[in-house]
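Student: I would like to practise reading structural features from a model. Can we go through some together?
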Amino acid sequence: MTEHTPILTEQQGGILTITFNRPEKLNAMTDPMLEGLLEALKQAERDPAVRVVILTGAGRGFCPGQDLGAAKERGGETGDYGYGKHLRETYNLVILRMRRHPKPIIGAINGPAAGAGMSIALACDLRIAAESAVFVQAFVKVGLVPDSGATWLLPRLIGQTRALELMLTGRKVPAQEALELGMIHQVVADSQLMATVHELAQTLASAPTKSIGYIKRGLEFAATHTLEESLEYEADLQDMAGRTADHHEGLTAFLEKRPPQYRGE
Ligand code: T3D
C-alpha cells in the first residue's frame, strides 16, 4: 500500500483498521474508495484472524460523504447525475455489508462526518468521536436527500423529531451534542481518540466473536420484526451460539472459576 492508496488497511493482532485516505479532501468518497472499503469489509468478514474492525479517517476529517466534484463530473452535460444507480451499486452495498458484518465495527470519528460519511459513521456498531468532530446531515445543503441509510439509522438513534430537525437544517452537530442526543457512545479529547478506541478494540478482540456476530444479527432482525418473530429468532441464534467452542469455553471457565480464553471459534 502506498500513501496514495485511498483505503489503507492495517492489521494488529485481531484488530483490522481501515482508514479513509484522501486527507486533502477530508476523505470525500470516490468510487475507488468505495470499492476499496467494500473489499476491505469483505476480507475482514472472511479472515478468522480479524475479530474487530476500526473505521477512521486520515488527517483532520472522518468523511464528508460523496466527493461532490466527482458527482458533478458524473452529471456531465446531461445533468443526469445517476444518483439512484450509483447508490444502489456502491453506498447501499457498503451500509448493508457493515450492518450484516459478523465482526464488531468501531467508528473512530476523528473529524467531520457529513452526508454519506455520517451515514457510514452511524452504521458502525460503536461510535467514539474526537471532541473536535462534527456530524452534518449535509444533503439538504446541496439539494439532495439523506441517503446511505440515514433515514433508517438516525431516527432509530436519536428519534424522529431530532432526526428531522438535523436533516432539514443541515446544521453542524458538535461531538458533545451528538453524545447527548445518543448518536454516539463516547467523546474523548482528540489526542486520546485512537488510544481509547484501541483499548475497546482489544477488549472486543478477546471476546467470543461469533456471539458478538449473533448479537448484531438479533438486534438487526428485531428492528424490523415483531416480538413473536424476534423470540423465535433469538432461540435460533442461541442454538447457534450454544454450538460454538467459545460458549463451551465460557461455561467451563465459569465453573472452573478462571478467566475464559476465547478464540473466536
Ligand atoms: O453519488 C451518489 O451516489 C450520491 C450520494 C450522495 C451522498 C452524499 O454524501 S451528498 C453530501 C455530500 N457532502 C457534503 O455536502 C458535505 C460538503 N462538505 C462540507 O460541508 C464541509 O466540507 C464540512 C462541513 C464537511 C467540513 O467543513 P470544514 O470547514 O471543516 O472543511 P472545508 O474547508 O469545507 O473542506 C476542506 C476541503 O475538503 C476543501 O477542499 P479545498 O478547498 O481545500 O481544496 C473542500 O472542498 C473539501 N471537501 C469537503 N467535503 C467535500 C470536499 N470535496 C469534495 N466533496 C466533498 N463532499
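Tutor: We will take aromatic pairs, domains, salt bridges and burial in turn. Keep in mind that this is a predicted model.

Student: How is a pair of aromatic rings described?

Tutor: A pair of rings is described by the distance of the centres and the angle of the planes. In this structure, a search of the whole model finds three aromatic pairs. Start with Phe-20 and Phe-62. Their ring centres are 5.4 Å apart and their planes stand at 70 degrees, so the pair is edge-to-face.

Student: Which parts of the chain does the pair of Phe-20 and Phe-62 tie together?

Tutor: Phe-20 belongs to strand S2, residues 15-20. Phe-62 sits in the loop between strand S3 (52-57) and helix H2 (68-75). The pair therefore ties together parts that are 42 residues apart in sequence.

Student: Is Phe-20 buried or exposed? And Phe-62?

Tutor: Phe-20 has 0% relative accessibility, so it counts as buried. Phe-62 is buried too, with a relative accessible area of 0%. Now take another aromatic pair, Tyr-81 and Tyr-83. Its centres are 5.5 Å apart, with 15 degrees between the planes, and the pair is stacked. Tyr-81 is partly exposed at 29% relative accessible area. Tyr-83 is partly exposed as well, also at 29%.

Student: What sits over the ring of Trp-152?

Tutor: The charged end of Arg-156 does, 3.7 Å from the ring centre. Keep Trp-152 in mind for the next topic.

Student: On to domains. Where do they run in this chain?

Tutor: The domain assignment gives domain 1 as residues 7-205 and domain 2 as residues 209-256. The C-alpha centres of the two domains lie 27 Å apart. Their contact takes 12 residues from domain 1 and seven residues from domain 2.

Student: How should I express the size of an interface?

Tutor: It is often given as the accessible area lost when the parts come together. Here domain 1 and domain 2 bury about 810 Å² between them. Carbon and sulfur atoms account for 50% of that area.

Student: Which three residues of domain 1 supply more of its buried area than any other three?

Tutor: Arg-51, Arg-99 and Trp-152. They supply 44% of the area that domain 1 buries against domain 2.

Student: How many salt bridges are there between domain 1 and domain 2?

Tutor: The count is two. The structure as a whole holds 11 salt bridges. Consider Glu-220 and Arg-99, whose side chains meet in a salt bridge at 3.0 Å, N to O. Glu-220 lies in helix H10 (residues 209-222) and Arg-99 in helix H4, so to speak of distant parts of the chain is fair: they are 121 residues apart. Glu-220 is partly exposed, with 22% relative accessible area. Another salt bridge joins Asp-125 and Lys-216, with the closest N and O atoms 2.7 Å apart.

Student: What is the case for Arg-171?

Tutor: Arg-171 forms a salt bridge with Glu-177, the closest N and O atoms being 2.7 Å apart. Arg-171 also forms one with Glu-165, at 2.8 Å between the closest N and O atoms. Glu-165, Arg-171 and Glu-177 are thus joined into one network by salt bridges that share partners. Glu-165 is partly exposed at 32%. Arg-171 is partly exposed at 28%. Glu-177 is partly exposed at 23%.

Student: Let us turn to a helix. Which residues of H6 are buried?

Tutor: In helix H6, residues 150-158, the buried residues are Ala-150, Leu-153, Leu-154, Pro-155 and Ile-158. They pack against four helices: H4 (91-99), H5 (116-123), H7 (160-169) and H8 (175-181). Just after H6, Gly-159 takes a positive phi of about 95 degrees.

Student: Now a single residue in a loop. Where is Val-50 found?

Tutor: Val-50 is in the loop between helix H1 (31-46) and S3. It is buried, with a relative accessible area of 2%.

Student: What does Val-50 touch, not counting residues up to four places away in sequence?

Tutor: Val-50 touches Gln-11, Gly-14, Leu-16, Ala-44 and Lys-103. For a long-range view, take Glu-180, which is 130 residues from Val-50 along the chain. Their C-alpha atoms are separated by 32 Å.

Definitions and conventions: Residues numbered from 1 in each chain as written. Predicted model: local features only at pLDDT ≥ 70, side-chain atom pairs only at ≥ 80, totals over all residues. Heavy atoms only, no water. Phe/Tyr/Trp six-rings, centres within 6.5 Å; stacked < 30°, edge-to-face > 60°. Helix = DSSP H or I, 4+ residues; strand = E, 2+ residues; numbered from the N terminus. Buried < 20%, exposed > 50% of the residue type's maximum accessible area, 1.4 Å probe, protein only. Lys NZ or Arg CZ within 6 Å of the ring centre and 35° of its normal. Domains from an automatic or database assignment. Contact = heavy atoms within 4.5 Å. Buried area = accessible area lost by both parts, 1.4 Å probe. Salt bridge = Lys/Arg side-chain N within 4 Å of Asp/Glu carboxyl O.
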